[in-house]
Amino acid sequence: VFDNSANASKAVAHEIKKLIEDKQKENKSCVLGLATGSSPKGLYAELVRLHKEEGLSFKNVISFNLDEYYPMKAASIHSYVRFMNEQLFDHVDILKENIYIPDGTLEKNEIAAFCKEYEAAIERVGGIDLQVLGIGGNGHIGFNESGSLQNSRTRLVALDHSTRIAASKEFEGLKNTPRTAITLGVSKIMDAKRVILLAWGESKSAIVAKAVEEGMTNLVPASFLQEHQQVDFILDKEASSNLT
Ligand code: F6R
């Protein structure tokens, strides 16, 4: 628990910096699993600062984003491609060919094969070294909504009504908000060697307490992380306020 999200984001950025640099020393790539949404914005800003002011290079980084709305054009102002470019990728020296984001432009009948290949690509580079997560008000991680199984795979999912309501501000109303998304499955998130979940603010306090302190349940997919060996929930004071 940190005093505020800015300090927390800096601490996480420094852990990621160390990981990237340790991998560089070994001549290895560093595989990051990345989230969108408001929670990691401060983290990405700090990573950009570390690149610009302290020479942190992303040349050995391979990134896999958790999810993308479906359908979604990459150039849309709502796409997670656009979000990642604006928040991080356009400002660092990551190689474009090392960036993976689920493709919101596929035909429906192409999605299953794409999802299989997305997981295979993660496997080919040795798995995710560090996965960054946020948490939905309903306990989702990625877009693994309530009811997602622990062994769920990368797939097309229907978004919860609560998720759509949360997103509707950006889409100017519920009727414009996508109903489906492609998400990395819970099983690949659980396979990551290290998991860091970020949650800020009073509005996340109830679901954080459920995920951390109540029993594991597929109604709260973030609770599956209780079984992960290297996980931290990084919270500000407000998000921790319901913990006993
Ligand atoms: C985003 C994602 C979602 C968000 C979650 C929290 O890629 O996978 O699970 O992390 O909805 O969103 P924010 O951070 O906006 O509260």
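A residue is buried if 20 or more other C-beta atoms lie within 10 Å of its own, exposed if 12 or fewer, and partly exposed in between, with C-beta atoms placed from the backbone. That rule applies directly to strand 2.

## Strand 2 and its neighbour

Both faces of strand 2 are covered. On one side, Val61, Ser63 and Asn65 are buried. On the other, Ile62 and Phe64 are buried too. Strand 2 spans residues 61–65, and 5 of its 5 residues are buried, so the rest of the structure largely encloses it. Strands here are DSSP runs of E with at least two residues, and helices are runs of H or I with at least four; both are numbered from the N terminus.

Strand 1 pairs with strand 2 in the parallel sense, over 5 bridges. Two strands pair if DSSP finds at least two bridges between them. Val31 stands opposite Ile62 of strand 2.

## The model and the whole chain

This is a predicted model: local features need pLDDT of at least 70, side-chain atom pairs count only at pLDDT 80 or more, and totals for chains, interfaces and linings use all residues. Residues are numbered from 1 along each chain as its sequence is written.

The protein chain has 7 helices and 9 strands. Of its 244 residues, 41% count as buried. Its C-alpha atoms fill a box of roughly 45 × 45 × 35 Å along the principal axes. The radius of gyration is 17 Å, which agrees with the value near 18 Å for a compact globule of 244 residues. This radius is taken over C-alpha atoms, and the globule rule is 2.2 Å times the number of residues to the power 0.38.

Contacts reach far along the sequence. Among contacts with a separation of 6 or more, 80% come from residues 24 or more positions apart. Two residues are in contact if their C-beta atoms, placed from the backbone, lie within 7 Å.

## An open sheet of three strands

Strands of a sheet pair through backbone hydrogen bonds, either parallel or antiparallel. One open sheet here has 3 strands in the order 3-7-6, with antiparallel pairing. Strand 3 (67–70) and strand 6 (155–158) stand at the edges with a single partner strand each, so one side of each has no neighbour in the sheet. The twist averages 30° from one strand to the next. Axes are lines fitted to C-alpha atoms, for helices over the stretch in contact, and angles run from 0 to 180 degrees between N-to-C directions.

Strand 3 and strand 7 (residues 180–183) pair over 4 bridges. Asp67 has Thr183 of strand 7 as its bridge partner.

## Loops with unusual backbone

A cis peptide bond joins Tyr70 and Pro71, with omega about -5°. Pro71 sits in the loop between strand 3 and helix 3 (80–87).

Two residues other than glycine have positive phi. Asn27 has phi near 60°. It is in the loop between helix 1 (5–25) and strand 1 (30–34). Asn27 is exposed, with 7 other C-beta atoms within 10 Å. Glu172 has phi of about 50°. It lies in the loop between helix 5 (161–168) and strand 7. With 10 C-beta neighbours inside 10 Å, Glu172 counts as exposed.

## Around the ligand

The ligand is surrounded by 14 residues. The closest are Thr36, Gly37, Ser38, Ser39 and Gly134. A residue is near a molecule or strand if its C-beta atom, placed from the backbone, lies within 6 Å of it.

By class, the shell has 5 nonpolar, 8 polar and 1 charged residues. Ala, Val, Leu, Ile, Met, Phe, Trp, Tyr, Cys and Pro count as nonpolar, Asp, Glu, Lys and Arg as charged, and the others, Gly among them, as polar.
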